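Here are my notes on the salt bridges and on one histidine. Please read them with the structure open.

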Amino acid sequence: MAASPYCPDCSRLIGICVLLGALWEIRAEHILYSVPEELENGSFVGNIAKDLGLEPRELAERGVRIVSRGRTQLFALNLRSGSLVTAGRIDREELCDRSPKCVVNLEILLEDNVKIFGVEVEIIDVNDNAPNFGAEQREIKVAESEIPGTRFPLPEAFDPDIGINSLQGYQLSSNGHFSLDVQRGADGIKYPELVLERALDREEEAVHHLVLTAFDGGDRVHSGTARIHVTLVDTNDNAPVFTQPEYHVSVQENVPVGSRLLTVKATDTDEGANGEVTYSFRKVRDKISQLFHLNSLTGDITILGDLDYEDSGFYDIDVEAHDGPGLRARSKVLVTILDVNDNAPEVTVTSLTSSIQETSSPGTVIALFNVHDSDSGENGLVTCSIPDNLPFTLEKTFGNYHRLLTHRTLDREEVSEYNITVTATDHGTPPLSTETHISLNVADVNDNPPAFPQASYLAYIPENNPRGASIFSVTAHDPDSNENSMVTYSLAEDKLQEAPLSSYVSINSDTGVLYALRSFDYEQVRDLQLLVTASDSGDPPLSSNVSLTIFVLDQNDNTPEILYPALPTDGSTGVELAPRSAEPGYLVTKVVAVDRDSGQNAWLSYRLLKASEPGLFAVGLHTGEVRTARALLDRDALKQSLVVAVQDHGQPPLSATVTLTVAVASSIPEVLADLGSIRTPTSSYDSDLTLYLVVAVAVVSCIFLAFVIVLLALRLWRWHKSSLLQASGVGLAGLPASGFVGMEGVQAFLKTYSHEVSLTSDSRGSHVIFPHPNYADTLISQESCEKKDSLLTSRDFHECRDEAASVQQAPPNTDWRFSQAQRPGTSGSQNGDETGTWPNNQFDTEMLQAMILASASEAADGSSTLGGSAGTMGLSARYGPQFTLQHVPDYRQNVYIPGSNATLTNAAGKRDGKAPAGGNGNKKKSGKKEKK
């Protein structure tokens, strides 16, 4: 039972604790101070550091400051003492006019945590203003007929102070006719009235001088005086009367200047001058006189200045009407200013960050700003907004403060700079708005590696390029900025053919241009695989790679290489065999060639460039096969020389040639047999021609000898030389005629001084011509000519000599002229001729004779086999790879002595029983061929 009264006390105690906690929270966010007006600059207002829970030294460290909204700053922070002090003289009447309570609101900002504290400073009124009547003197006209007790309004004094410091009362100087009575209106304002105490007599005293004193109630009482002149006039017993004791009017603040506000009306029943009413303002203040104008005759009140609801929303105007004698009446005009949405919101940026890193987390504060609208009601409600497509958001904090925050992580590569438009819009009609632009730079962070436009690159460079030539250019783009976007290029280390890639190509680290450090050869290097690295200059640096393949393009820089027939190493020429029985299209041999180039540059075509017997052989255009174009005839030369050209299809085309020697025979022994099968010609035409030649040569010789004798008579040494020539002529003239000429004749032909010898077996005569010396010692040596092995055996040679000795030399043949076919030349060199001729120059003739002698000597010696095996003359199977052409080819053709029907033959020919073939001095091939 004792616990029941205790419970209500507990409840009340808990309620008081909750109330105190709430008040403490409010106190923590809202600080109240009071300070009297008219203090000196720097006067103490309050200990703001203590109220904020900070030490004085922390004010500067934490960035504590007063946030101003554009008005004159009345207070300041003393960072040393941590107190709030006055920043200048404070006049309460200027700030709050007649308001009973004057409060100045401040905002204290803590920069470090962006926190706002509200501070209210109440300005306490002090008695710093004396009552003031406005005019130093005032005249009152009083009718002498006024009865005692009549009241006359007196001018009122105005004191801008409030409370006890405001106007407290009036005093009137002593006077026997008048007294002072102070009336208090419904608004609490005291109105002095002059009361007539006893009857007046204008003739006794026409003017009464009175002094009206007004005083306030401050510690130091201030007072003001006005001189009242009471002038007595004739009787005017009716005062003006207003139609209304108070006039109420509402007007919008945007009413134009000059507009009529209202008309006050007062009437006076008196007549004449006593009934003429004039109007005027009572207790005229500066603001009233600046805004309103009263027509003294009509009572029209017009707008004189711009009205502003934000400056003052209500005006109390005292109007007075008086007649001619001076009777007055009072009335009030109460003007209410209606708010119009004529003020756009004001945005004041308190704190601003101009740059933010792109890696900043969401919720980072960018700006703190205050929004204020001077309008009231709905016109003063403000809503802030930003575009929806921006990664930012607005957050309302204390009062009208808003914070601009990041809504998500920023990316400088997408947007490097934001121009944020904060729009503050009120709720008026029509709504007004204010735009504030906040520029925000997004600071770059190296978060993007360089990127190549392609995953891989292909480049082409022709071979044989000059060193230092530009090959290709790669470019990587880094979306970062400044140093983070500076890209450098490099090549990954690798090897190609045991050599580093850096010895083949290099790259410009700034531009990404690749250069060739050497001249490429397609046949050695066909492509290069490179890895290009692009790195930025950020911290840490980022990089990316791209593969680059450089293809070397083939150029036609290699001539076709002939593999078969291969050129021998001992200076000899290979020989191919073609049987005389070969049909058209017979495959003689095949030219095999390759080209180190590729593609079209390696496509080869073959053609017959030159042939000793045109139309006899044909070469396959693409195969290189040498085939007979027609059947071989007896008149075709034993040795056929072919020049085959191999050409590629490059631009420009390159070509190579090879010379083929084709022996027309079925086997090597048959070739050798053909050399001795040439018979002595027996044509009568050739004999007559030889006779003519011998006669002509004899006549010329006689003339020449006669000329020599004459010269010998003139000069002794010419006689000596002529004797030597005659001796030589006699020796040759004694040579016996024979159907065959042995090695001695050939050796004599190859002497250093070459002589043209014509021997005829039919006439048993000979003819010798001694031309000028012709040196031919570069072809064959004397030792080679004196070899024991010759075309004729020793026995055959002795038989010839014995026959020549027993036969008397016949006279020269008069038919000594030669036809074109009988002139010296190589076999098959004359197109369309049945027989071959000797070469046209001495060098070719002697070289051919030397090769014939070497071949015939080898054949007679029997030291080598002519079957085409290894170690022989190089004649082998037609397309065998062992066909090496290592020895001098055996032409195996008949040799003719000019001017004679005799032919050179070999011993093998005699042993084979071959009869020499002759006729017309031309070389004739035997129609009989041995079958292999």
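1. Terms first. A residue is buried when its relative accessible area is under 20%, exposed when over 50%, and partly exposed in between. Keep in mind that this is a predicted model.

2. Overall count. The model has 18 salt bridges. The cut-off is a Lys or Arg side-chain nitrogen within 4 Å of an Asp or Glu carboxyl oxygen. Three of the pairs are taken up below, among them R151 with D181.

3. R151 and D181. The closest N and O atoms of this salt bridge are 2.2 Å apart. R151 belongs to strand β9 (residues 151-153) and D181 to strand β11 (residues 178-184), so the bridge ties together parts 30 residues apart in sequence. Are the two partners buried or partly exposed? R151 has a relative accessible area of 40%, so this residue is partly exposed. D181 has a value of 21%, and 21% is not under 20%, so D181 also counts as partly exposed.

4. E320 and R282. Their side chains form a salt bridge, with 3.6 Å from N to O. The pair links distant parts of the chain. E320 sits in strand β22 (residues 314-322), R282 in strand β19 (residues 278-282), and their positions lie 38 residues apart in sequence terms. E320 is buried, at 5% relative accessibility. R282 is buried too, at 10%.

5. R630 and D636. Here the closest N and O atoms of the salt bridge are 3.2 Å apart. R630 is partly exposed, with a relative accessible area of 22%. D636, by contrast, is buried at 1%.

6. A shared network. Which residues are joined through salt bridges that share partners? R138, E156, R282, E320 and R328 form one such network. The E320 and R282 pair of point 4 is therefore part of it.

7. H402, placement. This histidine lies in strand β29 (residues 401-406). H402 has a relative accessible area of 9%, so the residue counts as buried.

8. H402, surroundings. What does H402 touch beyond its neighbours within four places in sequence? The contacts are A367, L368, F369, V371, C384, E395, K396 and T397. F369 is 33 residues away along the chain, yet the C-alpha atoms of H402 and F369 are separated by 5.5 Å. On the polar side, a side-chain polar atom of H402 lies 3.2 Å from the backbone oxygen of N400.

Notes
Residues numbered from 1 in each chain as written. Predicted model: local features only at pLDDT ≥ 70, side-chain atom pairs only at ≥ 80, totals over all residues. Heavy atoms only, no water. Helix = DSSP H or I, 4+ residues; strand = E, 2+ residues; numbered from the N terminus. Buried < 20%, exposed > 50% of the residue type's maximum accessible area, 1.4 Å probe, protein only. Contact = heavy atoms within 4.5 Å. Polar contact = N/O pair within 3.5 Å; in protein donor to acceptor, adjacent residues only side chain to side chain.
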